Amino acid sequence: MAKLTKKQKEALSKVEKGRIYNLEEGAALVKEVNTAKFDASVDIAVRLGVDPRKANQMVRGVVSLPHGTGKDVKVLALVTPDKEAEAKEAGADYVGLDEYLQKIKDGWTDVDVIVTMPAVMGKLGPLGRVLGPRGLMPNPKSGTVTMEIGKAVTEVKAGKIDFKVDKYGIIHAGIGKVSFDAAKIKENAQELISTLIKMKPTAAKGTYVKSIYLSSTMSPGIAIDTKSVN
């Protein structure tokens, strides 16, 4: 087991063992216990009372965080020539079609989000083995397959993220940076959680939001009171 540094021990001591914090306290504490020497990401893990193996209990969607993620999101717009100007104007980092399809085929995936048009999806199908495992395959449900290319690029750049429950029933998402004010971290977390609550599958029985944890890169997890976010 890796030995904890003095800073990590100090950070761990600030998180009371067994204590469950309200969201406001947790948002402030996640900044305080950060030990990274860079502007670390703030992550949230929400465990839901669903069985993701059942299609009627799958929780997947998108949310626009009011304060963005703090991350410079690299967007690739795979579009036909008539949509290139719209994509560039909206701030897409890479714009084109066949040249980028070939680059992806050759193994290039240095982007965070791919936005495309319905007519192009047929060309992306064969690249599913490359894009799928990296979470880069565009999807109509996440708004990344659309004719409104400019709007899609703008929203992604502004902090729109997509989420999907994993096989353990947990939603993982980055909701900011430790340089954010505690209030912004709290509001971003609230926006995601309220979106999840609205998406509760009718087939889900019992407690829906089972646990919530906030953490930053290399920092201890902070348990959040689920009642404080309803």
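Which residues form one aromatic cluster? In this predicted model, the cluster consists of Tyr94, Tyr100 and Trp108. The structure holds 3 aromatic pairs. One of them joins Tyr94 and Trp108 in an edge-to-face arrangement, with 5.2 Å between the centres and 85° between the planes. Tyr94 belongs to strand β4 (residues 94-96), whereas Trp108 is located in the loop between α4 (98-105) and β5 (113-116), so this pair ties together parts that are 14 residues apart in sequence. Trp108 also pairs with Tyr100; here the ring centres are 5.7 Å apart and the planes meet at 40°, so the pair is tilted.

Solvent accessibility was computed for the members of the cluster. Tyr94 counts as partly exposed, at 22% relative accessibility, while Trp108, at 17%, counts as buried. Tyr100 is buried as well. In addition, Lys103 lies over the face of Trp108, at 4.4 Å from the ring centre.

The largest pocket has a volume of about 650 Å³. Its lining comprises 31 residues, of which Asp112, Val113, Gly135, Ile161 and Asp162 are the closest to the pocket centre. At least two lining residues come from each of β2 (60-64), β5, α7 (149-158), β6 (160-164) and β7 (170-177), with β7 contributing the largest share, 6 residues. By class, this lining contains 13 nonpolar, 11 polar and 7 charged residues.

The second largest pocket encloses about 180 Å³ and is lined by Arg60, Asp162, Phe163, Lys164, His172 and Ala173. Strands β6 and β7 each supply at least two of these residues, and the largest share, 3 residues, comes from β6. The lining of the second largest pocket has 2 nonpolar, 1 polar and 3 charged residues.

Terms used: Residues are numbered from 1 along each chain as its sequence is written. This is a predicted model: local features need pLDDT of at least 70, side-chain atom pairs count only at pLDDT 80 or more; totals for chains, interfaces and linings use all residues. Side-chain values use heavy atoms; hydrogens and water are left out. Rings of Phe, Tyr and Trp (its six-membered ring) pair if their centres lie within 6.5 Å; planes under 30 degrees apart count as stacked, over 60 as edge-to-face and the rest as tilted. Helices (H or I, at least four residues) and strands (E, at least two) are DSSP runs, numbered from the N terminus. Buried means under 20% relative accessible area, exposed over 50%, partly exposed in between (1.4 Å probe, protein chains only). A charge sits over a ring if NZ of Lys or CZ of Arg is within 6 Å of the ring centre and within 35 degrees of the ring normal. On a 1 Å grid over the protein atoms alone, a cavity is a set of points where a 1.4 Å probe fits but cannot get out, and a pocket is an open set with protein on both sides within 12 Å along at least five of seven lines; lining residues have an atom within 4 Å of a point. Grid points are joined across faces, edges and corners, and a volume is the space filled by probe spheres set on the points. Ala, Val, Leu, Ile, Met, Phe, Trp, Tyr, Cys and Pro count as nonpolar, Asp, Glu, Lys and Arg as charged, and the others, Gly among them, as polar.
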